[in-house]
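Visitor: I would like a close look at one part of this model, with enough of the whole chain around it to give it a setting. Please take it slowly and say how each term is defined.

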Amino acid sequence: MGEQDPSDRLSGDQPKEVKENGTGSFSQFSSNVRAMVRIRQKYLAMKKRRLEMATLSSQSFSSSRSTSPKVFTFENLYDPITSNPAFPSKKRKKRKGRVLYPSSSLRAVPTKERSRAKNCLYLLFIIVFLQIYNAIENLDDHVLKYDLEGLEKTLKREVFGQQEVTERLLGHLHDYLSTYVHNKPLVLSLHGPTGVGKSHVGRLLAQHFRSVVGDELVMQYFVLHHCPTDDDIPKCTKSLDSHISEMVTQAEEAEKIPVFIFDEVEHMPRELLDTLRDLIRPQNNNEYLNAIYILISNLGQEDITKFVLHNSSVAVSGRPSLSQELTPWLHSYLQRHHMLFLEAELLPFMLLEKSHVMDCFIDEMSREGFYPERSHVERLAEELSYYIVGEQEFSHTGCRQVVAKVNLL
């Protein structure tokens, strides 16, 4: 046999050694390469398929929910086996999406149940309002029984030069008579010089209250008349105590307020003042608390006259009235006289000017049937004496001599 061609040896007719060594290693290497190529092709095919599926899913998601944002996840990218429909895969749990209400429809608003407590609260408000309104109406009805409007007209018509005092007097009476139940009596103390109208106001008050509450519930007490001597003081004290007790008891039964008017208090002995203070003090029973006491005196009249004459010429804007300036001093003065005045509201009367005296003449002449001629009235007023302060003239005796002058006509 001859020598073989080298190409024939490469084509398969090599010796056994070559097949075992060179040919075996080459076939193994080529099989590995082919496996790697198949794996790469398969990977590229799977990658292409995943991209196509991702594109289809994104298009379907964007077409179904065009208004919702796109969400990118890495679940399908790193799960090639489960994403391939050729391979069986486990059932994945579906994620629960958010519930979105469509913008074209309205949400179902829950109905609110109305609380019954609100109705009860409204009813309570109505009841309280009616009670308050009824109480105010009752107060007005209680004041109407005493006809304070008629008393105001009488005082304005017959009392001259004391407008401030009469207004304060009516204010105290209105506040006290607005209700029937009180925690203390009303005590009013009228002070001023002679002839300024204190006793006249007392007579007008007595006349008015007798007409509205009856004669039995109004007492007008003149000290020099009811208790003229010092020997009568024990008897007067006992009589005054029993009389006031009977009147307040009777007034309690009739649900009215009695009125006690004491004139000439400057002449009242200390024993009577002590008895009166014991009756006025709030420690007494309920029937003693519903009463009006009016004290009339000319205590401190000299100092009142000096104060008015000294301060009448001084006119300062914003300055309080002379009556308000005089009240603190009068309080301290009267407390030194007796502790009874601690319980009282002070109403100081001022001096009367010449124009006020002329009004007194006109009123008295009309009562007596004389025609009040102006020149005649001026001539009668000139016969009286006056304090002259600047351009103002204040009468020494007020209107006290007017009646006597008219009686001589």
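Visitor: How many helices and strands does the chain have, and with which residue does R367 form a salt bridge?

Guide: The model is a predicted one, in which local features need pLDDT of at least 70 and side-chain atom pairs count only at pLDDT 80 or more, while totals for chains, interfaces and linings use all residues. Residues are numbered from 1 along each chain as its sequence is written, and side-chain values use heavy atoms, with hydrogens and water left out.

The chain has 16 helices and seven strands, these being DSSP runs (H or I of at least four residues for helices, E of at least two for strands) numbered from the N terminus. Of its 409 residues, 34% count as buried, where buried means under 20% relative accessible area, exposed over 50% and partly exposed in between, with a 1.4 Å probe and protein chains only. Among the contacts (heavy atoms within 4.5 Å) with a separation of 6 or more, 73% are made by residues 24 or more positions apart.

R367 forms a salt bridge with E158, with 3.0 Å between the closest N and O atoms; the term stands for a side-chain nitrogen of Lys or Arg within 4 Å of a carboxyl oxygen of Asp or Glu. This pair links distant parts of the chain, since R367 belongs to helix α14 (residues 354-368) and E158 to helix α5 (residues 148-158), 209 residues apart. The two partners are covered to unlike degrees: R367, at 48% relative accessibility, counts as partly exposed, whereas E158, at 14%, counts as buried. Helix α14 takes part in another salt bridge, that of K354 with E382, where the closest N and O atoms are 2.1 Å apart. Because K354 lies in α14 and E382 in helix α15 (residues 374-382), that pair ties together parts 28 residues apart in sequence. K354 counts as buried at 16% relative accessibility.

Just beyond this region in the sequence, K405 forms a salt bridge with E383, again described by its closest N and O atoms, at 3.0 Å. Here K405 is in helix α16 (residues 402-407) and E383 in the loop between α15 and β6, 22 residues apart. Both are partly exposed, K405 with a relative accessible area of 23% and E383 with 42%. Salt bridges that share partners also join R157, E158, D363 and R367 into one network, and the structure holds eight salt bridges in all.

The strand β6 (386-389), which follows that loop, leads to a second setting for the region. β6 and β7 (392-395) form a hairpin with two residues between them, and G390 in the turn has a positive phi of about 65°. The strands pair in the antiparallel sense over four bridges, pairing being counted if DSSP finds at least two bridges between two strands; S395 in β7 is the bridge partner of Y386. Both strands, together with β1 (186-191) and α13 (322-337), are what the buried residues of α12 pack against. Those buried residues of helix α12 (residues 301-311) are Q301, I304, T305, V308, L309 and N311.

The nonpolar interior completes the setting. The largest nonpolar core has 49 residues, and those with the most contacts inside it are L173, L205, F209, I292 and F361; such a core is a set of buried Ala, Val, Leu, Ile, Met, Phe, Trp, Tyr and Cys residues joined through side-chain atoms within 4.5 Å. Apart from it lies another core, of 39 residues, among them I233, M268, L279 and L334. Leaving aside neighbours within four places in sequence, the contacts of I292 include L173, Y176, L177 and L186.
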